[in-house]
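Please explain the structure shown here, moving from its overall architecture to its salt bridges, its principal pocket and one buried position.

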Amino acid sequence: VLTKLKRGFAEVKKRPELLDEVPAEISAWPFFLRVCEKASFAKQAWEGTAVLLQDSRWRATFAQEEQKFSLNLWKAGQRDVP
């Protein structure tokens, strides 16, 4: 699943209008938050989150997410910045 998401995020980086075709679902955030708990997948989840948060609809759903601190952004280092 993460490989497909990573490819999709790469496409959205090239063509941001593709994100308009993806419904902003609050139910997607718990998945990203769980992925961030695994150190080996955290960077991929952070990168995906950064792509989604470029869209105002996704920012609105993220604002509603109660467990957003689970992204563990405090663990990110300079090398993790896309």
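A residue counts as buried when its relative accessible area is under 20%, as exposed when that value is over 50%, and as partly exposed in between. By this scale, Glu-11, with a relative accessible area of 36%, is partly exposed, because its value falls between the two cut-offs. The same terms are used throughout the account below, which concerns a predicted model.

The overall architecture is helical. The protein has four helices and zero strands, so that, read from the N terminus, its elements follow the order α-α-α-α. Of its 82 residues, 33% count as buried. The accessible surface amounts to about 5,700 Å², and carbon and sulfur atoms supply 57% of that area. Among contacts in the protein with a separation of 6 or more, 72% are made by residues 24 or more positions apart.

The charged side chains come next. How many salt bridges does a search of the whole structure find? The search finds three. One of them joins Lys-14 to Glu-11, with an N to O distance of 3.6 Å. Both residues belong to helix 1, where they are three residues apart, about one turn of the helix. Lys-14 has a relative accessible area of 61% and is therefore exposed, since this is over 50%, whereas its partner Glu-11 is partly exposed at 36%.

Another salt bridge pairs Arg-15 with Glu-17, whose closest N and O atoms are 3.2 Å apart. Here Arg-15 has a relative accessible area of 42% and is partly exposed; Glu-17, with 44%, is also partly exposed.

A further salt bridge links Arg-57 and Asp-55, again with 3.2 Å between the closest N and O atoms. Is Asp-55 buried or exposed? Asp-55 is buried, because its relative accessible area of 10% is under 20%. Arg-57, in contrast, counts as partly exposed at 31% relative accessibility.

Attention now turns to the empty space left between the atoms. Rolling a probe the size of a water molecule over the atoms shows where such space remains. The largest pocket has a volume of about 210 Å³. Two elements give two or more residues to its lining, namely helix 1 (2-14) and helix 2 (29-36). Which element gives the most to this lining? Helix 1 does, with five residues. In total, 13 residues line the largest pocket, and those nearest its centre are Leu-5, Phe-9, Leu-19, Val-22 and Leu-52. By class, the lining comprises eleven nonpolar residues, one polar residue and one charged residue.

The last position to consider is Asn-72, which lies in the segment after helix 4 (56-64). Its relative accessible area is 14%, and Asn-72 is therefore buried, this value being under 20%. Which residues does Asn-72 touch, not counting those up to four places away in sequence? They are Cys-36, Glu-37 and Trp-46. Asn-72 and Trp-46 are 26 residues apart in sequence, and their C-alpha atoms are 9.1 Å apart in space.

Note on methods. Residues numbered from 1 in each chain as written. Predicted model: local features only at pLDDT ≥ 70, side-chain atom pairs only at ≥ 80, totals over all residues. Heavy atoms only, no water. 1 Å grid on protein atoms, 1.4 Å probe; cavity = no way out; pocket = protein on both sides within 12 Å on 5 of 7 lines; lining within 4 Å. Points joined across faces, edges and corners; volume = space filled by probe spheres on them. Nonpolar A, V, L, I, M, F, W, Y, C, P; charged D, E, K, R; others polar. Buried < 20%, exposed > 50% of the residue type's maximum accessible area, 1.4 Å probe, protein only. Contact = heavy atoms within 4.5 Å. Areas by Shrake-Rupley, 256 points an atom, 1.4 Å probe, with all protein chains shown as cover. Salt bridge = Lys/Arg side-chain N within 4 Å of Asp/Glu carboxyl O.
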